[in-house]
Amino acid sequence: MNVRGYERGFNVALVTLDGVGKTYRGRTGAWEAVRDFTLDLAEGEFFCLLGTSGCGKTTVLNMVAGFEQPTAGRILLDGRPVDRPGADRGVVFQGHDSLYDWLTALDNIGFGLRLRGMGRGERRAKAEHYLKMVGLTGQGAKHPSELSGGMKQRIQIARALANDPRILLMDEPFGALDAMTRAVLQGELSRIWAETRKTVLFITHDIEEACALATRVGVMKRGPGGTLKAVIPVDLPFPRERTSDAFMSVFRDVHALIHDEIHGAH
Amino acid sequence: MRSTVRTERLVTVAGYLAGFGLLFLIWHLAATTLVRSTLFPPPGPVLERAWVLIEDGILQEQVIASLKRIGQGFLLGSAIGIPVGLAIGSFKPVRWMLEPWTEFFRFIPAVAMITVAVIWFGIGEESKVFLIAYTTVFVVIISTAAGVGAVGRDKIRAAQCLGATRLQVFRLVALPATVPYILTGMRLAMSNAFVTIVAAELVASNDGLGKMLWDARLFMQIEDIFVALVALGMLGFATDRTFRFLIRAFAGRFNATV
């Protein structure tokens with residue numbers, strides 16, 4: 001396959017998941033978490049992967065991140081197979097334990113730049129830029145223990161963006177926040193995405209969140225052997241008006257798709 | 001903000017003083033009303049005796065002798081324990097090989113090693129330093145290794161997807177995340193060191209607080225015994241507070257409980 005030529009094409013697939021499967025083998029037998037998962041992520045899109053708990057959506061993200069290896073199929077980034085974590089895929093974790101307690105907010109954001117050997121001054125300036133982007137100007141000297149849950153997630157987003165990855169992988173990043181903070185952060189994330197046009201793979205179990213953020217929503221079938229059930233384009237302008245009829249209509253479509261999965265899960 | 005911190009500190013200090021005051025009061029009442037024996041002197045004569053010993057420079061001599069041994073052995077034990085603990089926590093083969101050692105030796109208390117230490121090193125400084133190092137090293141190894149094992153998975157993953165090499169993950173994530181565990185291990189080891197030094201000096205020494213206790217018993221200088229006991233308590237308390245202060249200063253921002 002002429003990968004280079006393909007990349008120059010119009011609808012560039014940044015990430016390709018091709019028949020990806022993941023089976024865990026343990027003492028209690030085998031567990032098929034993901035089965036035959038196929039998806040192309042285009043450069044610049046915001047893709048929400050929606051599914052009930054235990055459907056394997058986080059496993060999909062972990063495999064794209066390179067934290068886990070598929071047991072079937074393959075994953076390509078820019079045409080190259082993914083086999084380990086790398087700086088080209090920034091991850092925002094659900095829990096904020098991933099922040100470094102011993103570093104200030106600003107040093108957390110500049111961590112990836114430090115790994116690359118960027119000088120202190122340049123690193124600081126860049127970290128300040130992303131601190132401002134996530135709306136935390138003036139909070140850079142604080143440590144994670146002094147920040148609220150929402151602020152910590154903002155720092156995580158800034159840290160991932162400062163490293164300028166090819167794609168941002170977000171694993172239910174607002175799942176542990178209260179509803180108000182979550183709504184605010186969803187709005188902020190939409191704004192940041194519009195500013196940076198970074199490709200995003202966003203995992204969630206929240207239908208409204210998916211409809212509010214995504215340019216496409218992928219609905220997953222319930223596990224074991226979780227796989228992609230349908231992909232729905234969300235062709236609504238940003239910022240999205242959640243009480244509008246158009247939004248409601250998308251919401252209903254997605255809800256109808258996931259309804260069986262929710263009820264099957266009980 | 002700053003003034004509330006200061007007030008909090010003042011309250012803490014006041015609490016400590018009140019606590020010690022109460023302890024001395026109970027001691028005084030117990031000695032003067034309950035026991036009334038020359039074998040249990042009240043705090044007054046003991047403090048008087050302490051003052052005499054301080055004026056003669058005797059008490060300081062003993063305290064410094066003991067503290068020097070503790071300091072040397074403690075530093076030696078930590079200097080060995082930290083890297084070994086890091087290696088055990090980081091590399092499986094090292095763990096398989098060295099864990100039997102730590103699990104074996106930590107059940108042989110330093111007090112039981114006194115005889116061997118004296119046979120090997122005599123009753124000079126070396127035997128004491130060896131015993132303190134011995135009692136320090138395993139506690140530090142175990143808590144350091146536990147600290148490495150407790151580094152959050154997401155912390156390591158985050159570094160990996162920010163482009164960290166294995167060495168960078170160790171140096172910039174695993175190591176700083178382990179610091180509170182190392183310091184906590186050292187704090188525990190320090191209290192072990194106090195137990196060990198007294199036992200070692202009781203058995204074989206020419207000076208130090210343990211030797212002071214022993215001599216006082218031989219010559220029935222009951223006040224001297226109590227002076228040594230109070231000095232030990234005070235030293236231990238001061239050392240532990242210092243350690244806690246250091247842990248807070250270096251690791252207060254960590255989420256580990258200190």
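A trainee and a mentor discuss helix α7 of chain A and the contacts of chain A in a predicted model.

Mentor: Residues are numbered from 1 along each chain as written, and chains are lettered from A in the order written. Local features need pLDDT of at least 70 and side-chain atom pairs 80 or more, while totals for chains, interfaces and linings use all residues.

Trainee: How do you know that the span of α7(A) agrees with its 18 residues?

Mentor: Helices are DSSP runs of H or I, at least four residues, numbered from the N terminus. The expected span is 1.5 Å times one less than the number of residues. That gives 26 Å for α7(A), and its end C-alpha atoms are 25 Å apart, so the two agree.

Trainee: What makes L185(A) and W193(A) buried?

Mentor: A residue is buried if 20 or more other C-beta atoms, placed from the backbone, lie within 10 Å of its own, exposed if 12 or fewer, and partly exposed in between. L185(A), Q186(A), L189(A), I192(A) and W193(A) are buried by that rule.

Trainee: Why are they said to be on the same side of α7(A)?

Mentor: Because they cover an arc of only 130 degrees around the axis, taken from the directions from the axis to the C-beta atoms. The face turned away carries the exposed M180(A), A194(A) and E195(A).

Trainee: What makes two domains of chain A touch?

Mentor: Residues are in contact if their C-beta atoms, placed from the backbone, lie within 7 Å. By that rule, 13 residues of domain 1 of chain A meet twelve of domain 2 of chain A. Helix α7 of chain A gives the most to the domain 1 side, with five residues.

Key:
Helix = DSSP H or I, 4+ residues; strand = E, 2+ residues; numbered from the N terminus.
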